[in-house]
Amino acid sequence: MSKLAVKNNRILRSQQVLNALIAIVRPYLLLDLRNTRITAEEIIAVLGYASVHRISMDAASHELKEAPSANRLREVLAQALPDRKILQRALNTILRAQTPRFIKKGKRSYYIVIDLTLIPYHGECYKDEKEIVRSQPKSGTTHFHGYATVSIVHDNQRYVVALRFVEKDESISRSRKRETRMAKNSISQVE
C-alpha cells in the first residue's frame, strides 16, 4: 500500500469527530423524519461510519452496536430526504462551509479537477427517470446513478467544493460545460 493510501485511510472512532460531523451536516441537511424513532444523528452516524471505513450501509449498521438495521434506515431515508435539487443545494452548502481558509483567501492559483462518477444500478427509477443515466457496460449493467464533483487540488490533496447530479439524456459535452460553469460558480462562492 502506498504512503498516500495509508495517509488517507485513517481510522476514526472518536466521539468528538462524530459530533463534529453531525454539527456540520445536521443544520444543512434537513430530514423529514416522521413516524420513526430513528434520529437524524443516528442516520448521519451510520452514513459517516460507512463513508470513513469505505463499507456499505449494511456493514456499518451491523458493526455499530446500537445502530438501526440498514433496511429500516433505507426506508426512513427514502421518505426523509428532500428532492434531488434541494439535496444537491444542501450538500454544496456543506462542502463550501468546510472549504479550508487558505483556499477561501484565494492568494494562490490552484488546479481544478472535475470528476464524473457513475455508480452501477440494477433497479428501477425511484422517483424520476432522469435519475438513471446510461453509459458503457460496467458491473453487468448500462444503467447508473451519476454525479460530478469539482475539486481544488493543493499539496496533492483534493478539496471537493461542489457536486451536481448528472441526469438522463445529458450529453458528455453538455455535462462538461455545466461542470465548468459549476466550478467557476463554486470557486467564486468559496472566495
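**Exercise 1. Classify the Asp32–Arg34 pair.**
Is Asp32 buried, exposed or partly exposed in this predicted model? Classify Arg34 as well, then test the pair for a salt bridge.

*Solution.*
Step 1. Asp32 has a relative accessibility of 37%. Partly exposed covers the range between under 20% and over 50%, so Asp32 counts as partly exposed.
Step 2. Arg34 has a relative accessible area of 60%. The cut-off for exposed is over 50%, so Arg34 is exposed.
Step 3. The closest N and O atoms of Asp32 and Arg34 are 2.8 Å apart. The limit is 4 Å, so the two side chains form a salt bridge.
Step 4. Side chains of opposite charge can pair when their charged atoms come close.

**Exercise 2. Place a pair within a helix.**
Where do Glu75 and Arg72 lie? Find how their side chains meet and how accessible they are.

*Solution.*
Step 1. Both residues lie in helix H5, 3 residues apart. That spacing is about one turn of the helix.
Step 2. Glu75 and Arg72 meet in a salt bridge, with an N to O distance of 3.0 Å.
Step 3. Glu75 is partly exposed at 47%. Arg72 is partly exposed too, at 32%.

**Exercise 3. Link two strands.**
Which parts does the Arg158–Asp115 pair tie together?

*Solution.*
Step 1. Arg158 and Asp115 form a salt bridge, their closest N and O atoms being 2.3 Å apart.
Step 2. Arg158 sits in strand S4 (residues 157-166), and Asp115 in strand S1 (residues 111-120). The pair therefore ties together parts that are 43 residues apart in sequence.
Step 3. Arg158 is partly exposed at 47% relative accessibility. Asp115 is partly exposed at 25%.
Step 4. The total by this rule is 5 salt bridges.

**Exercise 4. Map the nonpolar cores.**
How many residues does the largest nonpolar core have, and which of them have the most contacts inside it?

*Solution.*
Step 1. The largest core has 20 residues. Leu29, Leu31, Ile43 and Leu73 have the most contacts inside it.
Step 2. Helices H2 (15-25), H3 (40-53), H4 (57-63), H5 (70-80) and H6 (84-97) each supply at least two of its residues.
Step 3. H3 gives the largest share of this core, 6 residues.
Step 4. Take Leu29, setting aside neighbours within four places in sequence. Leu29 is then in contact with Leu87 and Ile94.
Step 5. A second, separate core has 6 residues, among them Ile103, Val150, Val161 and Ala162.
Step 6. In soluble globular proteins, nonpolar side chains tend to be buried together.

Technical notes: Residues are numbered from 1 along each chain as its sequence is written. This is a predicted model: local features need pLDDT of at least 70, side-chain atom pairs count only at pLDDT 80 or more; totals for chains, interfaces and linings use all residues. Side-chain values use heavy atoms; hydrogens and water are left out. A nonpolar core is a set of buried Ala, Val, Leu, Ile, Met, Phe, Trp, Tyr and Cys residues joined through side-chain atoms within 4.5 Å. Buried means under 20% relative accessible area, exposed over 50%, partly exposed in between (1.4 Å probe, protein chains only). Helices (H or I, at least four residues) and strands (E, at least two) are DSSP runs, numbered from the N terminus. Contact means heavy atoms within 4.5 Å.
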